[in-house]
Amino acid sequence: MSKKKQGSFKRFKRALKYTLKNPLTYIWFLIFIILAVATVIVFFSETKTESGIQTMFDSVWFTLVAVFAAYFDYCVKSVPGRMSALVLLVLGMLLFSAVTGKLASYFMDLQMKKNKGLKKLKNLKGHFLLCGWRPGFEKILDTVLTTNPDITPDMVVLINDAAEQIEQIRSQPRFKELNYVSGDFADEAVLKRALIDTAERALVICDRSKKYSDLEIDSRTVLAVLTMENLNPGIYVAAELIDAKFQKHLEMAHCDEIILTQDYEHSLLATASSGMGYSNVIRALISDDADTGIIIEDIPSSFIGKTYGEYETHLEQNGNKGGVLVGLLLNTGNFHQRRKDALREAQKNPDIKSIVDNLKKVKTLKSNEPVLTPEPGFVIQKNTKAILVRG
């Protein structure tokens, strides 16, 4: 016997052994015997009456209709036939109750898994992952949806271990369409349940869902970004850090945006101490409103290759309707994609020395690099966006 046939035979033996050990096997076997006996009794007793049952097929049909539809297609006349019909009717009711109970239990289990974030998501593409939880999370959600008009609640996937808090948030009408995946957002299996491979953007916030130390929080953030970039190099990842010493690790993981919350807080406090009202200005610039404050907008393709001064003059001639130009954001978008584009451009030059120089520039490439008020002669390259201030 070949190894393939031996393997198939062993699998069959294991399946048979499991089936024979299962009590349900004997229950179904008993039900089959009852149905067969009742069918035979109806056939032998009713063919002698005027019930209309003349063949074994009529008897089988009578049994099937009585069990599955709780209806008698023929009116049995004999006492044995009526006793058998009663048994079939009761058996049908029991089977119906068992099947409906099993189905209800199955759908309830599916719903509970969905509510608790234990079910793998389906049919999501280009969605937004929000990883972690902390007090004030509802405000963060509100701000994310307000400042990103292109993101609807059904496109947001929350990943954290705060199932109870998320359940309360999702009970609100405006958040009921949010998707939720329960688990550690640094775990590959959890990220796959959230369909990381088709996600477009991700935001990792400092996770306070458990009693983590600041060191553990930042370590998990770095691990999560590394895992995300490994599973989906094309995803745009922004991550929040507590301690600036982890910034280098995130840069090595090619995180597209790094938010140093405590450093920003310290800077804000320092500017407020000057008594010049800087904090009010900063608050206005980072407004939650998507149409005011600092605005990042695309530059028309006709200005790619032209100078900053030419583009600034163009906006002034149009009355600065979109806002006042204050700078440029270079190499926007996903780091891996920008690096591929830069490598492709660097290799186009036939001069070997130029290629080497360009490759050195690629090595030091920074994504989403802001340049405020550059010289008028600064040349606008591809993947550059305008930084505007709009009131």
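**Exercise 1. Which backbone oxygen lies 2.7 Å from a polar atom of the side chain of S45?**

*Solution.* The model is predicted, and local features need pLDDT of at least 70, side-chain atom pairs count only at pLDDT 80 or more, and totals for chains, interfaces and linings use all residues. Residues are numbered from 1 along each chain as its sequence is written, and side-chain values use heavy atoms, with hydrogens and water left out.

Step 1. Locate the residue: S45 belongs to helix α2 (residues 23–46). Helices (H or I, at least four residues) and strands (E, at least two) are DSSP runs, numbered from the N terminus.

Step 2. Identify the partner: the oxygen is that of the backbone of I41.

Step 3. Examine the side chain further: S45 also makes a polar contact, side chain to side chain, with S78 at 3.3 Å. A polar contact is a pair of N or O atoms within 3.5 Å; within protein, one must be able to donate a hydrogen and the other to accept it, and residues adjacent in sequence count only if both atoms are side-chain atoms.

**Exercise 2. Determine whether S45 is buried or exposed, and list its contacts beyond four places in sequence.**

*Solution.* Step 1. S45 counts as buried because its relative accessibility is 13%. The classes are buried (under 20% relative accessible area), exposed (over 50%) and partly exposed (in between), with a 1.4 Å probe and protein chains only.

Step 2. With neighbours within four places in sequence set aside, S45 is in contact (heavy atoms within 4.5 Å) with S78, P80 and G81.

**Exercise 3. Which helix gives the most to the nonpolar patch?**

*Solution.* Step 1. The members are V40, F44, M56, F57, V60, W61, L64 and F68, which form a nonpolar surface patch of about 820 Å². Such a patch joins nonpolar side chains (Val, Leu, Ile, Met, Phe, Trp, Tyr) within 5 Å, from residues with over 30% relative accessible area and no salt bridge, that is, no side-chain nitrogen of Lys or Arg within 4 Å of a carboxyl oxygen of Asp or Glu.

Step 2. Both α2 and α3 (56–69) supply at least two residues each, and α3 gives the most, with 6 residues.

Step 3. Take one member: L64 lies in helix α3 and is partly exposed, at 41% relative accessible area.

**Exercise 4. How many helices and strands has the protein chain, and what percentage of its residues count as buried?**

*Solution.* Step 1. The protein chain has 14 helices and 10 strands.

Step 2. Of its 391 residues, 35% count as buried.

Notes. Patches are made of residues with over 30% relative accessible area and no salt bridge: like charges are joined within 9 Å, nonpolar side chains (Val, Leu, Ile, Met, Phe, Trp, Tyr) within 5 Å. Accessible areas come from the Shrake-Rupley method with a 1.4 Å probe; for residues, only the protein chains shown count as cover.
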